[in-house]
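User: I have a structure open and would like to go through its sheets, a helix pair and a salt bridge. Can you take my questions one at a time?

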Amino acid sequence: MPRIKLLVLILLLCPATLSFASDTPDWVKAAARIPVPAIKAHTPGIVLSQENLITVQDNGKLVERTRVVYKILTKDGRDFGVQTANYDKDSKISSLHAWTLTPDGQAYEVKQGDAVDKIDNPDFSEGFSDQRRKVIAAMFPEPGNVVAFEIEKHDRPYILVKLFALQYEGIPVLQRDVIVTLPSGWTYAAYWSHAGTAVTPEQNGSTYHWHFGAAPAIDFEDQPLHPKWEAIAPRMILDLRSPGRPDQAGSWLNTGEWLDGLIGDRTKPSPEVASKAAELTAGKSGFLDKVSAITSFLQSNIRYYGIEIGISGFQPHPADEIFRNRYGDCKDKTTLLIAMLSVVNIKAYPVLVDTSRGAIESAVASPYANHMIAAIQVPKEIADGSVPGIVKLTDGNRVMIFDATDQLLPVGQIPAALQGSYGLLVDGTQSQLIAIPVLPPELNTEHFSGHFTLDEHGGLSGNLTATSTGAPMEPWRDLFVSTDEHSQRRFFENYLTSYLAGPTLEKFSAEDAKGHGDKVTIQITFKVPDYAKNAGGMLLVRPRVIHSDYHRVSNRVEREYPVEFDNTIDASEDFVIKLPPGYVVEELPDPVNLDVGFAAYSSRTEHNGDELRFVRDYRLKQTELSKDQYGKLRELMSQIKSDEINPVMLKKAN
């Protein structure tokens, strides 16, 4: 639910008594007096002040107090009038307040009793969690007003590593403070990621205070193909260290050993697990055959469903429990996969990853990530080129990446979101950060072919075939797995309409769209009137029937961020159009050949008898470009668009 709608709902269901807050805290008043500098027009709001105060108690419990003050600048900034406080069975919200200050000096307070208690994610149907949240709405979150919030939370965390973002998407920050008070014997270590500049704290006894300067908003407006916010925002990672506790950050080895301790012997197969693994691989001698048999079983029979209560938010369930229940989340499915592979003497490891490429930075170790996959050890007799995406470990062994959560991913394919990122391979004292490879264009292909007939009135009819492998086949499979036939038909009707004027979809079909094969083939039969345009007795026809959807670029020349693509690709098209009787080709477009290093494009239009043929190929060889290369990308896309609209002129034969 959008936050502004949530605000209205809160006010309707739980109307707080409007009260003049004569005792508005001094910190709120002080923040409200901070002058707002000149900023970009239409900025919805600004963080005047944000402070995180953490007090560590002798028993390891934390008291965390968060204070944040916003000034609302536009109607879109009304969303800042709602604040949430998350908690679970091991924590509680002890205090929650909101204040509003108006330009004419009025002040209003909302107290904790007026907050709404909610399940953290009520729409999440793939798991159960003990996470809840209290939602509080400030009064009158209108442009010009200042809204402030204070949250106090008592917690016994399983991870004593705190992450503080120092820059946000869409909203600038004027003042940012982090304060930590430690008990006797405790220490801390601070790390800085994504170009975060190290700041030395002020120390007063066992209290440490970091002051950060103003930070502009991360602005993605008119910046298509930008990296994820998580890959850009500078962060401070604070590792709170108690005497005798293993470090959870500081080095990837530290983090890996900590995770290894959580996993423990949960990957040990029970007799039932061992029996099933033996049954699945009976009669199979090849490495890939055994792996595929087990992964297919997990994908088809172990549904994704997470039970995350307390430590199980970080720790997988035992393999036999996952097998017996026939469900689990990403770390559970990875755990069961490792257990089953071990039965057939194939070693595998859990790998901690993040689905936001770039969120994990190689230089800064942290347990914060949102996904777990497997790295499966490849036998020495398997040549590198025979298995896609092999990663070499520090001991010389090789592994291939597999995401057991993906229901349809074939062995050897890596989800596009993970390619080009880092993952922590968990193996006790041998834990290490690995670079997940970017698969080359020849493993990410999309080929369109079509045979069409053009009538003398300009109408076009025929069949379109799309064959995809690798990342380009993921959306096709998702369409046929997650939707019904009616929704699929509507999708293809919209698909054709986005390229053609007034098309009629006659039929469609798919081959291997719900299996684990390495390609998907889609067939579409359609017709469209007036495809060719009549111009003074001649017909103008575009030889490309479906135009490209390669990359959206903007007219803005300046580029602030690197360019990021989902995946490499080799996209090709081969369209044949049978001409109407009595028409001949008057003029053909010139062939095009372009190569800018990171991408190449070629096209040609041919005429043979009564057929017109259009062939082209586009290869993207990289997933990341520097911002300085954006100009080349814009020029390339412009040339491709020009090539697409070049018509072929047909005239009646004498």
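User: Which residue in β5 is the bridge partner of L101?

Analyst: This is a predicted model. Strand β4 covers residues 91–101. It is joined to β5 by 4 bridges, and the two run antiparallel. In β5, L101 has as its bridge partner A107.

User: What is the strand order of the open sheet of 8 strands?

Analyst: The pairing in this sheet is mixed. Its edge strands are β5 (107–110) and β13 (202–204), each paired on one side only. Neighbouring strands are turned against each other by 10 degrees on average, direction ignored. From edge to edge, the order is β5-β4-β9-β2-β1-β11-β14-β13.

User: Now the open sheet of 4 strands. Why is one side of β29 and of β33 left without a neighbour in the sheet?

Analyst: The order is β29-β30-β38-β33, with antiparallel pairing. That puts β29 (533–535) and β33 (583–587) at the edges. One side of each has no neighbour in the sheet because each has a single partner strand.

User: What is the average twist from one strand to the next there?

Analyst: The sheet is open and has 4 strands, paired antiparallel. From one strand to the next, its twist averages 35 degrees.

User: Which residue in β38 is the bridge partner of E587?

Analyst: Strand β38 spans residues 648–652. It runs antiparallel to β33, and 4 bridges join the two. For E587, the bridge partner in β38 is M649.

User: How are α4 and α7 oriented: roughly parallel or roughly perpendicular?

Analyst: Helix α4 holds residues 271–281 and helix α7 residues 330–343. Their axes lie 8 Å apart, at an angle of about 65 degrees. Angles of 65 to 115 degrees count as roughly perpendicular. So α4 and α7 are roughly perpendicular.

User: What is the handedness of the crossing, left-handed or right-handed?

Analyst: The two helices pack at about 65 degrees. The crossing of α4 and α7 is right-handed.

User: How many nonpolar residues are in the contact of α4 with α7?

Analyst: From α4 come V273, A274, K276, A277, A278 and L280. They meet L336, A339, M340 and V343 in α7. By class, 1 residue is charged and no residue is polar. The nonpolar count is 9.

User: How many residues apart are K162 and E64?

Analyst: K162 forms a salt bridge with E64, and the closest N and O atoms are 3.0 Å apart. The structure holds 26 salt bridges. K162 sits in strand β10 (residues 161–165) and E64 in strand β2 (residues 62–72). The pair links distant parts of the chain, and the separation is 98 residues.

Technical notes:
Residues are numbered from 1 along each chain as its sequence is written. This is a predicted model: local features need pLDDT of at least 70, side-chain atom pairs count only at pLDDT 80 or more; totals for chains, interfaces and linings use all residues. Side-chain values use heavy atoms; hydrogens and water are left out. Two strands pair if DSSP finds at least two bridges between them. Axes are lines fitted to C-alpha atoms, for helices over the stretch in contact, and angles run from 0 to 180 degrees between N-to-C directions. Angles under 35 degrees count as roughly parallel, over 145 as roughly antiparallel, 65 to 115 as roughly perpendicular and the rest as oblique. A crossing is left-handed if the near helix is turned anticlockwise from the far one by less than a right angle, and right-handed if clockwise. Contact means heavy atoms within 4.5 Å. Ala, Val, Leu, Ile, Met, Phe, Trp, Tyr, Cys and Pro count as nonpolar, Asp, Glu, Lys and Arg as charged, and the others, Gly among them, as polar. A salt bridge is a side-chain nitrogen of Lys or Arg within 4 Å of a carboxyl oxygen of Asp or Glu.
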